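Dear colleague,

Please find below the structure that I am handing over to you, together with its sequence. My notes on it follow directly after.

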Amino acid sequence: MWGRRDWGTALIAALIAFSAMAVPAAAEYEPNDTLENPFGPLANQQSYAEKLETANDKDFFYFYATAPTQAAVTLKNLGGGVVISYIGFTLLDASGVALATATNIEEGEQATLTAGLKPQKYYVEVVSNLDYGAQYVLETQGGEGAFGPYASISHRCAKALAAAKSARTGLTRAESKLQRATARLRRSRFGNRASQRAAEAAHHKAKARTRGKRQALSTALKSQRPWCQIAA
């Protein structure tokens, strides 16, 4: 036989359990409702389960390609919408331009978007084509460099910046030597032929060195792209 205390304890436990069922848990990857606050970065060969919670809900995810590569994103519609669920999703580049799109993925169905990607930041947008409440799973797959870490990008940028700094210092020194060699060449006009030849040779060497340093700086500056242009 249960006493009043036993019934009270059971009632409280039931209310707690009901409350837990009545209030849905917060989505694991929210907030991710705009292109400005996407969830990410997505990793390679991983699954992400989410839900389109309202009629106007959109979910955004982002990832990085750290080398020229092929990448694929698969969306599985698990259903559970208010009436019937159709889901669409789009692969976007860093500017928000659509690269590939799949629409009207029915409950229990799936679709895959595949694209050849250059190193850059990318987005995945998921929307409801009809009604809402549907649950879905995103799955990622790609070659080397697909869904890579931003640390790889930042490392390449830092290396390129250091190379450019070193090349700029080398060019400054070469230009100073060229100025001195030019001044020496002008003074040599008042000297003998031997001093003129020596000044001409030094000037020629300084010019060649300066050209090489300018080319090295140009190469170092080019090596910053695209790494130093990819936003975190």
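A residue is called exposed when its relative accessible area is over 50%, buried when that value is under 20%, and partly exposed in between. Q45 has a relative accessibility of 59%, so it counts as exposed. Please bear in mind throughout that this is a predicted model.

**Overall composition**

The protein chain contains three helices and nine strands. Along the sequence these elements follow the pattern α-β-β-β-β-β-β-β-β-β-α-α. Of the 232 residues in the protein chain, 34% are buried. The chain exposes about 14100 Å², and carbon and sulfur atoms supply 54% of that area. As for contacts between residues at least 6 apart in sequence, 74% of them join residues at least 24 apart.

**The four-stranded sheet**

One open sheet has four strands in the order β1-β8-β3-β6, and its pairing is antiparallel. Its edge strands are β1 (47-51) and β6 (110-117), each of which pairs on one side only. From one strand to the next, the twist averages 20°. Within this sheet, β3 and β6 are joined in the antiparallel sense over eight bridges. T69 has L117 in β6 as its bridge partner.

**The five-stranded sheet**

A further open sheet has five strands, ordered β5-β4-β7-β2-β9, again with antiparallel pairing. Here the edges are formed by β5 (98-106) and β9 (146-148), and each of these strands pairs on one side only. With direction ignored, neighbouring strands of this sheet are turned by 35° against each other on average. β4 and β7 run antiparallel and are joined by seven bridges. In this pairing, T90 stands opposite E125 in β7.

Strand β7 (residues 120-130) also holds S128. Is S128 buried or exposed? Its relative accessible area is 19%, and the limit for a buried residue is under 20%, so S128 counts as buried. Leaving aside residues up to four places away in sequence, S128 touches L52, D57 and Y86.

**The loop between α1 and β1**

Several of the local features lie in the loop that connects α1 (4-22) to β1, and E36 is one of the residues placed there. E36 is exposed, because its relative accessible area is 69% and the class begins over 50%. The C-alpha atoms of E36 and F60 are 8.8 Å apart in space, while the two residues are 24 apart in sequence.

P41 is found in the loop between α1 and β1 as well. The peptide bond that joins G40 and P41 is cis, with omega about 0°.

Q45, the exposed residue named at the start, also lies in the loop between α1 and β1. Although Q45 is not a glycine, it has a positive phi of about 55°.

**Related backbone features elsewhere**

Where else is a cis peptide bond found? Such a bond joins R225 and P226, again with omega about 0°. P226 is in the segment after α3 (193-222).

A positive phi is also present at N104, a residue other than glycine, where the value is near 55°. N104 is placed in strand β5, which is an edge strand of the five-stranded sheet. The relative accessible area of N104 is 47%, so this residue is partly exposed.

**A nonpolar surface patch**

Which residues form a nonpolar patch on the surface? They are V82, V83, I84, L130 and Y132, which together have about 420 Å² of accessible area. Of these residues, V82 is found in the loop between β3 (69-79) and β4 (86-92). L130 falls within the residue range of β7 (residues 120-130), the strand that also holds S128.

For your own inspection of the model, I would draw your attention to the two cis peptide bonds, G40 to P41 and R225 to P226. The positive phi values at Q45 and N104 may be viewed alongside them.

With kind regards

How values were computed. Residues are numbered from 1 along each chain as its sequence is written. This is a predicted model: local features need pLDDT of at least 70, side-chain atom pairs count only at pLDDT 80 or more; totals for chains, interfaces and linings use all residues. Side-chain values use heavy atoms; hydrogens and water are left out. Patches are made of residues with over 30% relative accessible area and no salt bridge: like charges are joined within 9 Å, nonpolar side chains (Val, Leu, Ile, Met, Phe, Trp, Tyr) within 5 Å. Accessible areas come from the Shrake-Rupley method with a 1.4 Å probe; for residues, only the protein chains shown count as cover. A salt bridge is a side-chain nitrogen of Lys or Arg within 4 Å of a carboxyl oxygen of Asp or Glu. Helices (H or I, at least four residues) and strands (E, at least two) are DSSP runs, numbered from the N terminus. Buried means under 20% relative accessible area, exposed over 50%, partly exposed in between (1.4 Å probe, protein chains only). Contact means heavy atoms within 4.5 Å. Two strands pair if DSSP finds at least two bridges between them. Axes are lines fitted to C-alpha atoms, for helices over the stretch in contact, and angles run from 0 to 180 degrees between N-to-C directions.
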